[in-house]
Amino acid sequence: MFSRRAFFISSAAVSFATASAATAQDACSVFTPDRQKATTPESALQLLKDGNARFAAGKTVNCDLLAQVRATSNGQSPFAVVVGCIDSRVPPELVFDQRIGDVFVARVAGNFVNDDIIGSLEFATKLAGAKAIVVLGHTECGAIKGAVDGAKLGLLTKMLENFNPSLEASRAVEGERSSKNKKLVQAVADTNAVLAAKKLTDRSEILRDLVAQKQLVIAAAMHDIGTGSVKFL
Ligand SMILES: [Zn+2]
């Protein structure tokens, strides 16, 4: 087991290899109830930002996932929740360099939120203790493009109505009203992530109270599929 004290005692003479191993060991420790309790909303957000910085720099941490499975088999204490799109290029655990037991994830095309998802978030925070919620949109989102183009297909037609408020709010964007207009698509994606984050406290008294009591932070963010970087909005 990695001992923090041992690491610091020998830190003057520690080699880079040892320091890397120690960091990896630390990053691979699963979240326990105590560790979750000691995590503030701001530090939960910082853990996600640091994880994305590692991801975008090609420096993700390699962990023994099966060891994490065993370590979390009696319970979970994730530090955050991510609401993301189903897009295959934006898996939240990979994008934020997180693993087993670290984050709750809700995914739906275009990362909008409805009562079912908000109820899930109430569980993840109020009951299961997560300290941060990030609504993660991404560039080149097919759902947003479909909404901009007014696509019609089966139940998708109805689902795309979830983006109407963001389409309305992006009326001032110049250029043609189609997904060929990249500026418009990105404006709708940004607005959609921000409005979804705002809707959480508008709609849920539980989430509103947690934020007011500083037990929870909610943020919107945008993942650039060209670079892997997440920008907080
Ligand atoms: Zn998408």
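Which strands does helix 7 (residues 115-127) lie across? Select helix 7 together with strand 1 (80-84), strand 2 and strand 3: the helix lies across these three strands, running at about 165 degrees to strand 1. Axes here are lines fitted to C-alpha atoms, for helices over the stretch in contact, and angles run from 0 to 180 degrees between N-to-C directions. Contact means that C-beta atoms, placed from the backbone, lie within 7 Å. Helices (H or I, at least four residues) and strands (E, at least two) are DSSP runs, numbered from the N terminus.

The model is predicted: local features need pLDDT of at least 70, side-chain atom pairs count only at pLDDT 80 or more, and totals for chains, interfaces and linings use all residues. Residue numbers start from 1 along each chain as its sequence is written.

Next, select the sheet. It is open, with 5 strands in the order 2-1-3-4-5 and mixed pairing, where a pair requires at least two DSSP bridges. Strand 2 (103-107) and strand 5 (230-232) are the edges, each pairing on one side only. Neighbouring strands of this sheet are turned by 25 degrees against each other on average, direction ignored.

Zoom in on strand 3 (residues 132-138) and strand 4 (residues 217-223), which pair in the parallel sense over 7 bridges. Here Gly-137 stands opposite Met-222 in strand 4.

Move to helix 8 (residues 142-149), where 6 of the 8 residues are buried, that is, with 20 or more other C-beta atoms within 10 Å of their own, C-beta atoms being placed from the backbone. Select Ala-143, Ile-144, Lys-145, Gly-146, Ala-147 and Val-148 to see them. Their cover includes helix 9 (156-159), helix 10 (164-169) and helix 11 (182-203). Finish at Gly-150, which follows helix 8 and has a positive phi, near 65 degrees.

Terms used. Contact = placed C-beta atoms within 7 Å. Buried ≥ 20, exposed ≤ 12 C-beta atoms within 10 Å, placed from the backbone.
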